[in-house]
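Colleague: Could you take me through a few local features here, with the cut-offs behind each term?

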Amino acid sequence: GCIDALGPSSLARFSNSPFLFKFQQQGAATTLYCATAPELEGLGGMYFNNCCRCLPSQEAQNEMTARALWELSCKWEIGKSLG
């Protein structure tokens, strides 16, 4: 979901779902957990959501989608460097 840095009402008007948005602390929790949890020391290549290890979606595991996203990202970076 999105991180609503301005509070729960600023982005809520764009969504019918109250579960789409998170407060800053909620949005940062998984990243902080993965960066600091002693039990994850030396481990990598795992997917976490809401501080829980889980399998990525089928689309996230699709090689063709990954390649297309990589190529698009490279194009964006090249465009940024050209100004």
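What follows is a short exchange on burial, contacts, backbone angles and a surface patch.

Modeller: This is a predicted model, in which local features need pLDDT of at least 70 and side-chain atom pairs count only at pLDDT 80 or more, while totals for chains, interfaces and linings use all residues. Residues are numbered from 1 along each chain as its sequence is written, and side-chain values use heavy atoms, with hydrogens and water left out.

Colleague: Is T30 buried or exposed?

Modeller: T30 is found in helix α2, residues 24-36, where helices are DSSP runs of H or I with at least four residues and strands are E runs of at least two, numbered from the N terminus. Buried means under 20% relative accessible area, exposed over 50% and partly exposed in between, with a 1.4 Å probe and protein chains only. Because its relative accessibility is 15%, T30 counts as buried.

Colleague: Which residues is T30 in contact with, leaving aside its neighbours within four places in sequence?

Modeller: Contact means heavy atoms within 4.5 Å. Two of the partners, N50 and C51, are found in the loop between β3 and β4. With those sequence neighbours set aside, the contacts of T30 are F48, N49, N50 and C51.

Colleague: What is the phi of N50 near?

Modeller: N50 is partly exposed, with a relative accessible area of 48%. Its phi is positive although the residue is not glycine, with a value near 50°.

Colleague: What is the relative accessible area of W76?

Modeller: W76 lies in helix α3, residues 63-82. W76 counts as exposed because its relative accessible area is 54%.
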